[in-house]
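Welcome! Take a moment to look over the sequence and the 3D view, and then we will walk through some of the details together.

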Amino acid sequence: MKKLVVLMVLATSLAACSRTEQGAAVGGLGGAAVGAAVANDPVEGAVVGGAVGAVAGALIGRATEPGRCRYRGRDGRVYIARCPEGY
């Protein structure tokens, strides 16, 4: 039951993230799990796998939102709009 609650909280918090952030989070968690499972040293495997997974996930997530940039308004809110010309 505790695992279900933790997963629901994580899923809810990811809903507010951009595709790049979601990709980095999912890639990092997946990479850490795989790295820990296949490495001789589970801690080192989780760290390396998590880092590689996060970078790969962020790149894949960024590729799914072409031409979109994130801006922070004066009120602190983040919004996504078309990127400036030549960006």
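Let us begin with helix α2. With 20 residues at 1.5 Å a residue, α2 should span 28 Å, and its end C-alpha atoms are indeed 28 Å apart, so the two agree. Keep in mind that this is a predicted model.

Which residues of α2 are buried? They are Gln-22, Gly-23, Gly-27, Gly-28, Gly-31 and Gly-35. Val-34 also belongs to α2, which covers residues 19-38, but Val-34 counts as exposed because its relative accessibility is 51%. Looking beyond the helix, Val-34 lies 8.0 Å from Gly-45, C-alpha to C-alpha, with the two 11 residues apart in sequence.

Next comes helix α3, made of residues 42-63, where you will find Val-52. At 54% relative accessibility, Val-52 counts as exposed, since the cut-off is over 50%. Val-52 also joins Val-43, Val-47 and Val-48 in a nonpolar surface patch, and together they have about 380 Å² of accessible area.

Here are the two valines side by side:

| Residue | Helix | Relative accessibility |
|---|---|---|
| Val-34 | α2 (residues 19-38) | 51% |
| Val-52 | α3 (residues 42-63) | 54% |

Finally, turn to the strands. Strand β1 (residues 68-72) and strand β2 (residues 78-82) run antiparallel and are joined by five bridges. Across this pairing, Cys-69 stands opposite Ala-81 of β2. The two strands form a hairpin with five residues between them. In that turn, Gly-76 has a positive phi of about 95°.

Note on methods. Residues are numbered from 1 along each chain as its sequence is written. This is a predicted model: local features need pLDDT of at least 70, side-chain atom pairs count only at pLDDT 80 or more; totals for chains, interfaces and linings use all residues. Side-chain values use heavy atoms; hydrogens and water are left out. Patches are made of residues with over 30% relative accessible area and no salt bridge: like charges are joined within 9 Å, nonpolar side chains (Val, Leu, Ile, Met, Phe, Trp, Tyr) within 5 Å. Accessible areas come from the Shrake-Rupley method with a 1.4 Å probe; for residues, only the protein chains shown count as cover. A salt bridge is a side-chain nitrogen of Lys or Arg within 4 Å of a carboxyl oxygen of Asp or Glu. Helices (H or I, at least four residues) and strands (E, at least two) are DSSP runs, numbered from the N terminus. Buried means under 20% relative accessible area, exposed over 50%, partly exposed in between (1.4 Å probe, protein chains only). Two strands pair if DSSP finds at least two bridges between them. The expected span of a helix is 1.5 Å times one less than its number of residues.
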